[in-house]
Amino acid sequence: MMLLPAEMKRALLVVHRSYLPACLSALHETGLMEITDIRESPGEYRELFRAGERTADYTTCTEYAIQIDAVLDALPPEEEGGLLRSLLFPSLQPPERVDRRPGPVLFEEADRLITSSSRAIGLRREIGEIDERLALINEWVGVIRLFEPLDIDLGHIGDSPYLSVRAVRVEPDRLDWFMDRLQGITGELVVDQARADEDYLVLVAVTRDHRDALLDLVSDSRFRMIDTGDLSGRPGDLIEALSREADDLRDRQKNIQTELYDLAVARRRPLAVMREEIRIAREREEVRRALGETRETVAIEGWVIADDSDDLEQVAGTAAEGHVICDVFDPETNPDGVPVAYDHPPWLRPFAFLTTMFSRPRYDEIDPTLFIGPTLVFFFGLMLGDAIYGAVIMIAAFMLYRGAGQASRTIGDASLVLLAAGAATVVWGVLQGGYCGDLLPRFLGITPPLAVISPLQGPIDFLVLALVIGLVQLNLGLVLAVFQNVRRGSMREIFHGQIPWFILQPSAAILLAGFFGWMVPDASLSVIAYSGAIIGLALLFVREGPLGFFSVTGYLGDWLSYARLLALALATGGIAMTINILAVMVAAIHPLMVIGAAVVWMGGHLFNFSLQSLGAFVHSLRLQYVEFFGRFYTGGGRAYTPFAASREITVLRGDE
Amino acid sequence: MPVGMGNVLVLVGAGLAVGLSAIGAGIGVGIAGAAAAGVTAVREERFGMALVFQALPQTQGIYGLLTAILLLIATGMLGGAGIEVPLAIGFAAVGCGLAVGMAGLSAIGQGIASAAGISAAEVDTSTIGRSMVFSVLPETQAIYGLLVAILIMAFTGMFTGVFDATTAVGLAAVGCGLAVGVAGLSGIGQGIAASGGIGATAEKGEMFGRGLVFSVLPETQAIYGLLVAILIMAFTGMFTGVFDATTAVGLAAVGCGLAVGVAGLSGIGQGIAASGGIGATAEKGEMFGRGLVFSVLPETQAIYGLLVAILIMAFAGMFTGAFDLTVAMGVSAIGAGIAVGVAGLSGIGQGITAGAGIMATSRRSEMMGRALIFAVMSETFAIFGLLVAILIMFGIGLIGG
């Protein structure tokens, strides 16, 4: 029943030790059970078992996973064709068929694959080293070029037994000052200088006695001493030799990249497949710590969806060839620990994310997806209300579903929601007469057929519709709250939480209608209405005290909040009309401005479509989360996470 | 060129449209620009991205300029011979200017959000798309303002050059402008919330949906403003062209606009609270529902404003078409609108308390009840405003004959 989360049962499987791998594998592949740690089991039988231990295979799996990741990281990344292309035309590869095989066989295969592919790591490292060497050569060439005007052998720079030679870069306005200071060190020096870009390069040679004084001077932060390292030879020869080396390195790098690319084409897929298999094998080893053990048996405890319990018994029995005891029983009464799984038919499944985004229901709480999914689509269509905009959404959703929707279930679900929202927008667009706003009457002189309610022509009718919809949804929320409280046996909560509103609403309606002069209630009706209002308020105030006042304003605010259905519908139609008016005004300036008008029209509608679609979705969501959920829903349930092998690019042979 | 009072008011309307929206756009672009300068100093390659974000709050300025030019063209003061403009059309032009100009101040909020978007993209460019969605949210207020301005122009014959309005309709247009324009300042609150959403989403991508829900909360004030503007148009015959409302009704419409428009500033408080809600939810997912409960508290002020606006409409005979209001009553309705509207600013204080309440509840869940009591204290002043508004309506015989 989709009104509540799926019914859950506790399951205890005791399997003979020799059948454990087969049993775990079957449970993992079918995903029929959430395995919980037996050490935290509420059952007294937990004392009979000692806790499972992490196996050596777990460590082996981890090591192989790290090695495979290292090889995959070394291979060049797959070429991606941009976001739009990957969404609409993804490259879909069928999953790789793999056989069930025991750990040692799998590890042997992994070992072979890693060994035959691991040279990718060395090649990637070599590319990095070549990059570093090229950067260094580039830096050296920059330095050497400074010496080109002087044309000296760079090997002379540095210290020799009798001389100390240094190259210093000096800004032009400090040159004279620098030369004066040099003369101050010693008169016996040799100086040469040349322009180096904006500055001067000054080559100074002094006897070894004056080396320290020279170093003191050039260590001043206002000058920059040029370090030539071990470079030796004349600048021209050096640059030529370095350029030759750089060319050779680039050729080598190109060859390595080709080799890596070929390796990637041959090995990326097998490596990715092996990574998935190792991950799955690791999960199976990891779960053993949660199991309980005796000398001959192993206990697996956890949660199963009640409807799956027969399948669980059958799968475990087949895998263990009958060497298993399977006990499925009702959980303890406290609903807090019970995990929550949705119980949705296929058409409702894509909407589950809306509930999850707010908070998953608690186990004993109503699952609101059935109410908010279709309502969100209905509100979205009502607020966007444009047949052409809706058709664009439907086309985009269809393309998304045929594209990335085939590869990803999340995108597939989202595209189905979008398709439904687009269809609702088309229907409401036709009913509101919205076709890119007033396109039909303004440009084609056609009165939109089938238009029954328009936010621009009849805003009051539309407002009444919006408020009626609001009342219906708010009261549905109250009814659901009553249902929930009856299930929990909280009659007092119904008395103070929901009944006051069922009394207050009709009473207030009569009093307000009389107050505004829309009707003249007869005396007995007035007495009933006044009595109802007093009783309703009293019930509220008895429980909440003075804060009951804010409950009244809060309810009123929640109701009026549905006026946004009109406001957003009006904004879509009104802005679309404004764009159409502007396009006409631009076209009227000059015959050639028709092109400008077309640009204004297209750009304007694209902007309006984007902004209003966003607004319609988020405001629909707000009405569900704030106004509707405020009546009955809190959420806070824990998700049911079955022990399931998530196979993305592989499929077990026989399970296709 | 004839320079009557109508022409003068058209010029005032054009000035309000372009001037006020330029203030908003200028401040918003400035805030975003400061963030852009800081990010570009560190990451030069982010220049183009920062420029796109900085351009977002400029659109409000463009809407203002567009409205000013349309007003001047419609009245023949630009590219025409110049014609004597009736006083009613002058008032309508002021309404257009207020709608677009005041709503253009939402650019400040957009600038705050854009600045957050720029900062988030400094570290990770994959945040740009999501940040852009958050940053365009405060544009909605400006669009509502532009929509109302265009509708006023269309319904008073400004596009066709056949002016068709009474003074009552002109004053009603001023009411519409105040309603949608001043309430458009809720865009600042929306920008504050959106910037929180951008920060949370940059840290945790899955916060996108929940962040959006929080960020649209302060749009409610703008929606109420738009709603009242449309109701005023409908009840004063702008949709049908049957202008039988009296000047007193036009004045009452100004009161309605002030009530819902100024009370709409509570949206700033709501934005502050929603920003706190986003932060708490990013830390603890289960705070989403509680964060929403706190964040909607400062909406009450807007509801009081809407309530008084609807009461004024009801008692001014707008629902029934029996316009027997005196001018004194119309002026008093303006007083009632000011009372509830300005008192609605208490929503900013309530938002600050609610934001802190969210944090306290996030730390200790049992704090929720007490934190709610702290948060509703500020609402006392809004209730005073509501009370005085109702007393004014009673005092002048608007309620109870």
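In the predicted model, Asn608(A) is located in helix 21 of chain A. Asn608(A) has a relative accessible area of 1% and is therefore buried. Its side chain comes to 3.2 Å from the backbone oxygen of Thr572(A). When neighbours within four places in sequence are set aside, the contacts of Asn608(A) are Tyr389(A), Ala571(A), Thr572(A), Ile575(A), Ala576(A), Ile579(A) and Ser613(A). Thr572(A) thus appears both as a contact of Asn608(A) and as the residue whose backbone oxygen is reached by the Asn608(A) side chain.

A second buried polar residue of chain A is Gln473(A), with a relative accessibility of 5%. Gln473(A) belongs to helix 15 of chain A. Its side chain makes a polar contact of 2.6 Å with the side chain of Tyr562(A), and another, of 2.8 Å, with the side chain of Gln624(A). Beyond four places in sequence, Gln473(A) touches Thr375(A), Phe379(A), Tyr562(A), Leu623(A), Gln624(A) and Phe628(A).

Helix 21 of chain A, which covers residues 594-632, also takes part in covering a helix of chain B. The helix concerned is helix 6 of chain B, formed by residues 128-136. Its buried residues are Ser131(B), Phe134(B), Ser135(B) and Val136(B). From chain B itself, the cover over these residues includes helix 2 (47-55), helix 5 (107-123), helix 7 (139-155), helix 9 (186-203) and helix 10 (208-216). In an α-helix there are 3.6 residues to a turn, so residues three or four places apart point the same way.

Two loop residues of chain A have positive phi values without being glycine. Cys436(A) has a phi near 50° and is placed in the loop between helix 13 (409-432) and helix 14 (439-444). Leu450(A), with a phi of about 65°, is in the loop that runs between helix 14 and helix 15 (459-488). Cys436(A) is buried, at a relative accessible area of 5%, whereas Leu450(A) is exposed, at 66% relative accessibility.

Tyr530(A) is part of helix 18 of chain A, which comprises residues 523-544. With 52% relative accessibility, Tyr530(A) is counted as exposed, because the cut-off for exposure is over 50%. The C-alpha atoms of Tyr530(A) and Pro335(A) are 42 Å apart in space, and the two residues are separated by 195 residues in sequence.

In chain B, Glu206(B) occupies the loop between helix 9 and helix 10. Its relative accessible area is 61%, and Glu206(B) is accordingly exposed. Glu206(B) and Pro218(B) are twelve residues apart along the chain, with 22 Å between their C-alpha atoms. Helix 9 and helix 10, on either side of the Glu206(B) loop, are among the elements that cover the buried residues of helix 6 of chain B.

As a whole, chain A contains 21 helices and 13 strands. Its radius of gyration is 39 Å, well over the 26 Å given by the globule rule for 656 residues, so chain A is more spread out than a compact globule. The C-alpha trace of chain A extends over about 125 × 90 × 55 Å along its principal axes. Of the 656 residues in chain A, 47% are buried. Among contacts in chain A with a separation of 6 or more, 82% are between residues 24 or more positions apart. The exposed area of chain A is about 32700 Å², of which 58% comes from carbon and sulfur atoms. Chain A carries 57 positive and 86 negative charges, and the mean positions of the two sets lie 2 Å apart.

Chain B has 19 helices and zero strands. For its 401 residues, a compact globule would have a radius of gyration near 21 Å, and the 22 Å of chain B agrees with this. Along the principal axes, the C-alpha atoms of chain B occupy a box of roughly 60 × 50 × 25 Å. Buried residues account for 65% of the 401 residues of chain B. Of the contacts in chain B between residues at least 6 apart in sequence, 90% link residues at least 24 apart. Chain B exposes about 12300 Å², and 70% of this area is supplied by carbon and sulfur atoms. The 10 positive and 17 negative charges of chain B have mean positions 19 Å apart.

How values were computed:
Residues are numbered from 1 along each chain as its sequence is written. Chains are lettered from A and ligands numbered from 1 in the order in which they are written. This is a predicted model: local features need pLDDT of at least 70, side-chain atom pairs count only at pLDDT 80 or more; totals for chains, interfaces and linings use all residues. Side-chain values use heavy atoms; hydrogens and water are left out. Helices (H or I, at least four residues) and strands (E, at least two) are DSSP runs, numbered from the N terminus. The radius of gyration is taken over C-alpha atoms; the globule rule is 2.2 Å times the number of residues to the power 0.38. Buried means under 20% relative accessible area, exposed over 50%, partly exposed in between (1.4 Å probe, protein chains only). Contact means heavy atoms within 4.5 Å. Accessible areas come from the Shrake-Rupley method with a 1.4 Å probe; for residues, only the protein chains shown count as cover. Lys and Arg count as positive and Asp and Glu as negative; His and the chain ends are not counted. The place of a charge is taken as NZ of Lys, CZ of Arg, CG of Asp or CD of Glu. A polar contact is a pair of N or O atoms within 3.5 Å; within protein, one must be able to donate a hydrogen and the other to accept it, and residues adjacent in sequence count only if both atoms are side-chain atoms.
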